[in-house]
Structures are given as structure tokens and as C-alpha cells.
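Here is a short round of questions on how the labels for this model are earned. Each answer sets a value against its definition.

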Amino acid sequence: MALDGGVEAAADLVAKAKRVTVLTGAGISTDSGIPDFRGPQGVWTRDPEAEKTATLSAYLADPEVRRRSWRNRLESPAWTAEPNAGHRALLELERQGRLVAIVTQNIDELHQKAGNDPRLVVEVHGTMHRVRCWACGWEAPMAPTLERVRAGEADPACEVCGGILKSATISFGQSLDPQTVRRAEAAALSCDLFLAVGTSLAVYPAAGLLPLALQAGAAAVIVNGEPTPYDDLADAVVRGSISEVLPLLVATRPDGRPRRPGGGP
Ligand code: NAD
């Protein structure tokens with residue numbers, strides 16, 4: 001993917017920032033082999049029917065949707081995916097002492113796997129690495145339930161109450177955890193730069209964090225392969241490959257010279 005002219009403006013803003021809140025979406029993980037939903041090669045772009053598996057009412061009402069979801073989970077490339085240069089650049093931002101938080105819509109835990117402090121990662125859409133019972137609230141690591149699916153249970157029931165199991169992720173039609181939303185908003189309100197990366201900025205309330213940060217006086221930079229509804233509001237927009245752009249952005253010093261990796265603010 002070619003870089004566009006916004007890189008210099010974005011690098012300048014990132015270089016000067018002292019408190020950066022990052023919002024990440026599925027686009028930061030595509031170079032780790034996990035497809036996004038709405039990008040050109042996205043899961044829903046290629047198969048609009050697949051959106052049903054992410055809709056709570058369909059998941060709860062239709063055993064066939066659940067069976068399909070479990071097959072998809074089993075086959076997900078996310079279980080073996082490794083962080084890429086984009087994730088590592090955000091770790092560098094933390095090492096420089098400038099990261100307020102990574103608010104992520106991703107459910108793949110690749111920021112934690114890259115080495116970011118889990119306390120700085122706000123997972124607004126939950127995690128696929130845990131399973132939760134919709135009836136009794138029982139929650140556990142995902143792996144043993146996936147083993148049951150692999151062993152032939154197409155729609156495994158809760159071990160405690162027999163209820164419907166689902167990954168501990170937020171589906172369409174499902175409320176977000178209010179405390180997690182408050183943490184995300186606090187991070188947007190307390191930064192001097194809001195950096196949106198690899199998100200179509202089409203899903204709320206996550207997309208609303210960018211205007212919230214702007215209202216509180218922060219600058220905003222968007223790095224994404226395609227246009228977003230907030231491009232006109234941002235101070236800089238870079239249309240390019242995230243794993244190429246982010247390392248450039250975090251490695252630039254306020255005077256335009258390269259930073260030493262891990263060299264502090
Ligand atoms: P999205 O699919 O709506 O948008 C992703 C955006 O990233 C697209 O605009 C696409 O053009 C861009 N993009 C993809 N690869 C890129 C690259 N290498 N460089 C630059 N840009 C790139 O994703 P979203 O905004 O996160 O919202 C979709 C929902 O999907 C979220 O709720 C999230 O929970 C979920 N999701 C998560 C994962 C994951 O955890 N990795 C994967 C798929 C979907």
C-alpha cells in the first residue's frame with residue numbers, strides 16, 4: 001500500500017504529543033493474518049451473511065448461527081497470530097512514556113501479546129480468549145470449550161447451567177460494559193493526541209471517542225487504508241499500510257530526527 005502525503009504532518013503531531021490515546025480497530029491486525037470486517041478483503045465484504053453470527057439476537061435464537069459461529073471460532077487465524085510492526089510501534093509509544101491507553105475494538109489480545117501493559121489496554125468489545133454463559137454469567141478461558149467443539153460438540157452448552165455459551169465479546173445488539181466505556185472516555189478526554197488506527201470509525205460508541213477527544217482540545221490523527229467519516233475533522237490523515245506507517249510515526253522526534261528505540265520521551 002503506498003503512503004500518502006499526510007505522513008509528515010502526522011509524524012509531526014505524534015512527535016510533539018506528550019499524552020497519546022490510541023484507538024485501534026481490526027485494520028491493525030490484518031498484517032498479522034486476521035481479516036477485518038469492512039475492508040476490501042473483509043469478512044463481511046466477502047460474505048454479508050456472516051454478519052448474523054455477530055448479532056446477538058440471531059446468535060441466541062438460532063442454533064445454526066451458533067454452530068456456524070463455533071466453526072468460525074475454531075478456524076480463526078487469531079489463535080496463532082503474532083503481533084506485527086504496527087502493534088510493536090504502539091509498544092514503543094508506551095516505552096517512550098507517552099501512552100495514556102490503547103482503546104481497542106479488537107478482540108484478539110495482540111496488543112497484550114506485543115508486550116503492552118494490559119492495564120493500558122481497554123478492550124471495549126471484549127476478548128475472544130474467554131467464554132461466557134449467557135444464562136448464568138459463568139466465565140472461563142476459551143481453550144477448553146474450543147476443545148469440546150473440536151471433539152464434536154457443535155454448540156457446547158454451559159458446564160454449570162446448560163445455558164448458551166458465547167465468546168466474551170460484544171455482539172451487535174449487546175450493551176457494552178459501562179465501566180469499560182467510562183475508562184475509554186476518560187482516556188479520550190485526558191490525551192493531547194488521539195490516534196485512530198485501522199478502524200472504519202463506523203461502530204459506536206468507539207467511533208465517538210475521536211470527536212470527544214477533539215472537543216477536549218486534543219489533536220487527532222487517523223491512519224487507515226480507506227476514508228472514514230471523521231477524516232475532515234482530523235488534523236492529519238494518513239492513507240497507507242499501518243505496519244509501515246506507525247513505526248515511522250513513533251520513531252520521529254519533535255525536531256524531525258529519528259528517536260532511539262525505548263529511549264524515553
Ligand atoms: P472494520 O473492519 O470496520 O475496519 C477496518 C479498517 O481498517 C478498514 O477501513 C480497512 O480499510 C482498514 N485496514 C485494514 N487493513 C489495513 C492495513 N493493513 N493498513 C491500513 N488500513 C487497513 O474494523 P473496526 O473499525 O475495528 O470495526 C469492526 C468490528 O470488528 C470491531 O468491533 C472489532 O471488534 C471487530 N473485529 C475485530 C478483529 C480483531 O480482533 N482482530 C477482526 C475483525 C473484526
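Domain bounds here come from an automatic or database domain assignment. This is a predicted model: local features need pLDDT of at least 70, side-chain atom pairs count only at pLDDT 80 or more, and totals for chains, interfaces and linings use all residues. Residues are numbered from 1 along each chain as its sequence is written, and side-chain values use heavy atoms, with hydrogens and water left out.

Q: What makes up domain 1 and domain 2?
A: Domain 1 takes 1-34 + 83-125 + 176-265. Domain 2 takes 41-75 + 126-169. Over C-alpha atoms, their centres are 29 Å apart. Seven residues from domain 1 and six residues from domain 2 form the contact (heavy atoms within 4.5 Å).

Q: How is the area between domain 1 and domain 2 given, and what is its value?
A: Buried area is the accessible area (1.4 Å probe) that two parts lose on being put together, summed over both. Here that comes to about 490 Å², with 48% from carbon and sulfur atoms. On the side of domain 1, Ile-107, Glu-109 and His-125 lose the most, together 76% of what that side buries.

Q: How many salt bridges does the rule find across the interface of domain 1 and domain 2?
A: The rule asks for a side-chain nitrogen of Lys or Arg within 4 Å of a carboxyl oxygen of Asp or Glu. It finds zero across this interface.

Q: Why is the pair of Thr-30 and the ligand called a polar contact?
A: A polar contact is a pair of N or O atoms within 3.5 Å; within protein, one must be able to donate a hydrogen and the other to accept it, and residues adjacent in sequence count only if both atoms are side-chain atoms. A side-chain N or O atom of Thr-30 is 2.8 Å from a nitrogen atom of the ligand, so the pair meets the cut-off. For His-125, a polar side-chain atom lies 2.6 Å from a ligand oxygen atom.

Q: Which residues come nearest to the ligand?
A: Thr-30, Gln-105, Asp-108, His-125 and Ser-200 do, out of 26 around the ligand (a heavy atom within 4 Å).
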